[in-house]
Amino acid sequence: MIPFQCRFHVPISLCLAHRHASTSSKIWLHRQSRDAFVKLRSTEGLRSRSAYKLLEIDQKYKVFRGANVVVDLGAAPGGWSEVAVKRINQVKPNGTGQSRVIAVDVLPIDPIPGVESIQGNFLIPETHKLLISSLGGSSVDVVISDMCANITGNRDRDSENSLDLCRAAFGFAKMHIPGVIRPQEGGNSTNGKGGILVMKYFDHPVMREFEQELKRAFRRVNIFKPKSSRSESGERYFVCIGHNERTSSSHQRNIL
Ligand SMILES: C[S@@+](CC[C@H](N)C(=O)[O-])C[C@H]1O[C@@H](n2cnc3c(N)ncnc32)[C@H](O)[C@@H]1O
């Protein structure tokens, strides 16, 4: 059983020692103790409260249907990866294809059966190289990103940080998830419906232009606020379905 962790993934005792005098930490701890999803998380033994957000997203958009290869960005402590590995094994038709979940985070991730992990900062090219080499030439069906920089409290700066992380996830997804392809071009594990990108962002005017970029690259871009996401938080998720970038490197690879 992992020790109960604070939102920075530090055991709660250490977290308390550092944040002892802060009023905001008292408010946070009080809210944690009342939060139904925190309670559920500890009774169900899930690694994170965030896992419920991905379960809600998947319930609505069926992101793992037909998927074999999933990349989880900002994966520590591993709640989303646990959900992904269970879901792709449950929903895979006739056990086809080789399932993989690759988790990436700046922080170490305790081992999860069926999940490969890479420790690195996703804002630097070295981490992309490690991930690409681990993929060994296969394309990615679903990219999920719950990446979140430490919150500064400055709404503009936090949104800029969130946008940088979203851009990094989108850049990777554009290159490595398959585009929508016509039936006569053959299939891949996404059955030609194109890959999916799910990513967290914080609501802010700087996101509007980025949303337009996403809309040019995907057939459908949905904005989703899970019930398990705290109402006072500006956190939202882009759920981008049907990548239509027909010139992506993965598409080229699929048709060679
Ligand atoms: C909200 S937590 C993710 C929780 C995770 N989805 C789960 O269910 O366990 C956000 C994560 O993003 C990671 N992160 C933030 N910036 C990152 C970066 N530049 N590269 C990789 N990971 C990053 C943090 O280390 C943190 O673990």
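Reader: In E3, which residue is the bridge partner of Asp105?
Author: This is a predicted model, where local features need pLDDT of at least 70, side-chain atom pairs count only at pLDDT 80 or more, and totals for chains, interfaces and linings use all residues. Residues are numbered from 1 along each chain as its sequence is written. Strands here are DSSP runs of E with at least two residues, helices are runs of H or I with at least four, and both are numbered from the N terminus; E2 and E3 pair in the parallel sense over 5 bridges, where pairing takes at least two DSSP bridges between two strands. Asp105 has as its bridge partner in E3 the residue Gln119.

Reader: And in E2, what is the bridge partner of Val70?
Author: This one takes us to the pairing of E1 and E2, which is parallel over 5 bridges. The E2 residue that partners Val70 is Val101.

Reader: How many residues of E2 are buried?
Author: Buried means that 20 or more other C-beta atoms lie within 10 Å of a residue's own, with 12 or fewer making it exposed, anything in between partly exposed, and C-beta atoms placed from the backbone. In a regular strand, side chains alternate between the two faces of the sheet. On one side of E2, Arg100, Ile102 and Val104 are buried, and on the other Val101, Ala103 and Asp105 are too. So by the neighbour cut-off, the E2 count comes to 6 of 6.

Reader: What is the order of the strands in the open sheet?
Author: Start at the edges: E3 (115-119) and E6 (218-224) each pair on one side only. The sheet is open, has 7 strands and shows mixed pairing. Its twist averages 20° from one strand to the next, with axes fitted as lines to C-alpha atoms (for helices, over the stretch in contact) and angles between N-to-C directions running from 0 to 180 degrees. The strand order reads E3-E2-E1-E4-E5-E7-E6.

Reader: In what sense do E6 and E7 pair?
Author: E7 covers residues 235-243 and shares 6 bridges with E6. One of the partnerships matches Phe224 with Tyr237 in E7. The sense of the E6 and E7 pairing is antiparallel.

Reader: Helix H7 is running at about what angle to E5?
Author: H7 (residues 155-176) lies across E1 (69-73), E4 (142-145) and E5 (196-202). Its 22 residues reach 31 Å from first C-alpha to last, close to the 32 Å expected (the expected span is 1.5 Å times one less than the number of residues). Among the buried residues of H7 are Leu165, Phe170, Phe172 and Ala173. The angle between H7 and E5 is about 170°.

Reader: Leu197: buried or exposed?
Author: Leu197 sits in strand E5. It touches Val143, Ala169, Phe170, Ala173, Ile177 and Cys240, leaving out residues up to four places away in sequence; a contact needs C-beta atoms, placed from the backbone, within 7 Å. Because 28 other C-beta atoms lie within 10 Å, Leu197 is buried.

Reader: Which peptide bond is cis?
Author: Most peptide bonds are trans. Pro77 is in the loop between E1 and H5, and the bond leading into Pro77 has an omega near 5°. The cis bond runs from Ala76 to Pro77.

Reader: Which residue has a positive phi although it is not a glycine?
Author: Look in the loop between helix H4 (51-61) and E1. The residue there has 14 C-beta neighbours inside 10 Å, which means partly exposed. With a phi of about 50°, the residue is Lys62.

Reader: How far apart are the C-alpha atoms of Gln98 and Val69?
Author: Gln98 is in the loop between H5 and E2. It has 10 C-beta neighbours inside 10 Å, so Gln98 counts as exposed. Gln98 and Val69 are 29 residues apart along the chain, and their C-alpha atoms are separated by 7.8 Å.

Reader: How many residues surround the ligand?
Author: A residue belongs to the shell if its C-beta atom, placed from the backbone, lies within 6 Å of the molecule. Helix H5 (79-91) and strand E2 (100-105) each supply at least two residues of the shell, and Ser48, Ser50, Gly74, Gly79 and Asp146 are the closest. The number of residues surrounding the ligand is 24.

Technical notes
Two residues are in contact if their C-beta atoms, placed from the backbone, lie within 7 Å.
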